[in-house]
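Student: I would like to learn how to read a structure with more than one chain. Could we look at one together, beginning with the place where the chains touch and then turning to a sheet?

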Amino acid sequence: MAASPATDTGAETPRRILDVKGLRKAYGGIIALKKVDFELEPGEVHGLCGENGAGKSTLVKILGGLVAPTEGGIVVDGTALTPGHRTDPRLISIVHQELSIIPDLSVLDNVLMGDDRVGELFLRGRYAAEVRQQLDTIGLGHVDIDQPARELTLAEQQLVEITRGVMRGARILILDEPTATLSDNEIQRVFAAVRRLRDKGSTIVFISHRLPEVFDLTDRVTVFRNGEKISTTRTADLTTDELVRAMIGREVAAREQVAHHTEDVERPTRVRLKDFSVPGRFAPLDLKIGKGEIVAVVGQLGSGADLVVEALAGLRRGYVGAIEVDGVDVEARSTTQAIGHGIAYVPEDRAGKGVFLDATVETNITTSVLDRVTRFGFLQFGKASERARHLASLFTIDPKRLPSEVSHLSGGNQQKVAIAKAVALDPRVLLLNEPTRGVDIGARTEIYRQLQALAKTGMVVVFFTTDIEEVHELADRVVTIFRGAVVADRSCAHASMDDVLTDIIHGPRDNQERAA
Amino acid sequence: MIAMTQKATTAMPANPSSPLLQRFMRPDRLQANAVKLVTVLLLLWGWATIDNFLSTANVNAILYSVAAVGIAAVGMAFITLSGNLFMLSMGATAAVSTIIFATTLHLGLPATLALVVIFGAIVGLLQGVVVGWAGANPIIATIAIASIVTGAGALYSGGLTIVGQGDASWLGVGTFAGLVPNQVVLFLAIAVLAEIIVERTRFGRELRLIGMNPSAASVAGLRVQRTLTIAFLVAGTAAAVAGALFASQAAQGNLRLGGGLDFDAIAAVLVGGVAIKGGRGRMMDAAFGALFLAVVSNILLVKGLAFEVQLAVKGLVVVAAVILGALIGGIKR
């Protein structure tokens, strides 16, 4: 340690604010990072790209000190980090995708949460002015510091989290998919804040699966693949195709080819909703869905669009109206009841509700069909494993992974397991809430392809998403909900995504339509 | 940076190459395997340093002390595995079971045992309904039920020791093939049966999955309420059977019998390597945990240490096991 660069601080401004050398991390036999070198220049916005499992999250966890590297060292602004110890937030501060805002605390308390300078005696007033100023800089000038965080929008809460990192004077701020749950105009607010911070000299690492955002915001991009650093390039010198190729190591079919839309065909009705509503959340709606149709239900957060999917799945026992599947009225007052009628559901919160992280892939895939692999109460392991193998192959999960714990898989593979688990039921209706949130391009394409293949067999697929590209690539039809009411029902073959976006953001446009 | 590299290289041998060692070191099985190894080492050490440690009399003493606690521990493991921490009514259930045992012994041992089992099943079922269906906190609910059970038992017995009118010697002192105490045979049978049920049946699979992630279990349509209810029913029954074992040794019933059973069972479960947060561990681990604690107590006893010291040591062992469990959990992530 004596020979470490910690000795030459202060002499001159280091050109690199972060210097990662020879970083390696192995989990048992699985290598998550292979000898990675990585550096940041002060004052840049640096994008991290790569599919899930490429090594981005491992790098971030190591930088935050949450995970100790197997080998290698990290120097931040002249200070060498101690492996496996939580990194001083004044050096590196990480804003995670999952918000760590406490809704019942005030904005001020949320910003100061965990700040070392605040002693045991919590003297709020002492920092009020400073917090006020930081909030103003970041674009939260209209927010009252005494307001409970609950009253803020998601984007504002995200900005409060970023403020927390800024308050601690972090040399490097890492934003891990800060936009994953935000709508487009909310994203622009976060971007404006990031640019403002950069102009004030902060160094920012930006992680996103959405490539347009990467091009929009970053100065340089580093691409990871299979635990290796592939390249670091100035963003301006890069095209989307080059970036995608670097990320997945091969050409992908162009968007237009992936997105295939079955032309409008007459389909026998499979699902019919009559006066279907969750009182107070979305208004009664009538919907007919044909056999084999893939329908996207979209809307801003809080619009109630996600609740349509949840209510169908049996998660809103207080719904009113009727659900008809194949001409028969069914009740979906619980998940068990919904499953009994052939309605399967893939929730949005993968780790919390979608999969059993500590169980093996095989166990996960067979959880919803335990009754079908049981005889006289005893599990038939041969039968179970045969089923699991079949479903794994449908979703291109490596059969060698069947005995490994799901927690060891990448996000994309975990999502495949979550979907395979639902598909194992042979459902008549498959519901998905955010089918590919946090899933990389490669896995996403595979998931879309398989869902489309399943729809061809007659299965109805209904999904909620906040990702407009997903509507374009996966759905045959898109139903938009604005403030609890259906404002548009379009066929994807005819609608442009700009139309859909306008539906989502503006809702009914009476005057425009009158003009047309 | 240099230090970091050195640390990494010295850490390498921890990743063993031999498949047997690798299986032993698997993070999720490490504690359970280590307890078994330490038990064997303790037995060897006792044999080498203590006169007559492995004499028939002393081995019998160890076996008798493990049987009742072991059965309760296996029952407790159903609750811990399901993610509901502990059932804190086991001592009370066992105590009242000794009264029922003594007062009904004149009906003959099989009928007595049947009544005790039914009592335990009802008490367990009650808790299953309160926790599994009504969603009450397991700790509070089981303490409350313990209080009800003890109160009812005290009213029924008048707080007196009840001497059984009948012959309980088959269970109390009887041996299988003149060698192994029947109590121990019963314990082994229950442990093996529980292991098979949890590892090989649909109920067992559901129990484990619910313990791992209750929200995912309910989204997947698992029979959460039914499974939890059965788990509590099994645990209550196990507590009652443990009470029958206590009562049979002197053919007596007393509310003081069974005191400390809750903690002994919890200790066995945790030391054995069943994860406190649920979903991880096996029934046999709890059984081995009980054996380990019985061996430790026995060594302290024959070394001439006071009961109070034994209590303190038991407490220390549990604290160490919980810390070890947390550390292993930390390595995994």
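Student: How many residues does each chain bring to the contact?

Tutor: In this predicted model, chain A supplies 28 residues to the contact and chain B supplies 24 residues.

Student: Which elements of chain B give two or more residues to the side that touches chain A?

Tutor: Those elements are α1 (2-11), α10 (202-212) and α11 (214-219) of chain B, and the largest share, 6 residues, comes from α10(B). Sorted by class, the side of chain B that touches chain A has 12 nonpolar, 7 polar and 5 charged residues.

Student: Now the sheet: in what order do the strands of the open sheet in chain A lie?

Tutor: Strands of a sheet pair through backbone hydrogen bonds, and they do so either parallel or antiparallel. Here 6 strands of chain A follow the order β16-β19-β20-β13-β21-β22, with mixed pairing. The edge strands, each pairing on one side only, are β16 (343-346) and β22 (485-491) of chain A, and from one strand to the next the twist averages 20 degrees.

Student: Do β13 and β20 of chain A run parallel or antiparallel?

Tutor: They run parallel, and 5 bridges join β13 (residues 294-298) to β20 (residues 460-465) in chain A; Ile294(A), for instance, has Val461(A) in β20(A) as its bridge partner.

Student: Which strands does helix α9 of chain A touch as it packs on the sheet?

Tutor: Helix α9 (residues 305-312) of chain A touches β13, β16, β19, β20 and β21 of chain A, and its direction makes about 140 degrees with that of β20(A). Helix α15 (residues 441-456) of chain A lies across β13, β19 and β20 of chain A, at about 125 degrees to β13(A).

Methods: Residues are numbered from 1 along each chain as its sequence is written. Chains are lettered from A and ligands numbered from 1 in the order in which they are written. This is a predicted model: local features need pLDDT of at least 70, side-chain atom pairs count only at pLDDT 80 or more; totals for chains, interfaces and linings use all residues. Two residues are in contact if their C-beta atoms, placed from the backbone, lie within 7 Å. Helices (H or I, at least four residues) and strands (E, at least two) are DSSP runs, numbered from the N terminus. Ala, Val, Leu, Ile, Met, Phe, Trp, Tyr, Cys and Pro count as nonpolar, Asp, Glu, Lys and Arg as charged, and the others, Gly among them, as polar. Two strands pair if DSSP finds at least two bridges between them. Axes are lines fitted to C-alpha atoms, for helices over the stretch in contact, and angles run from 0 to 180 degrees between N-to-C directions.
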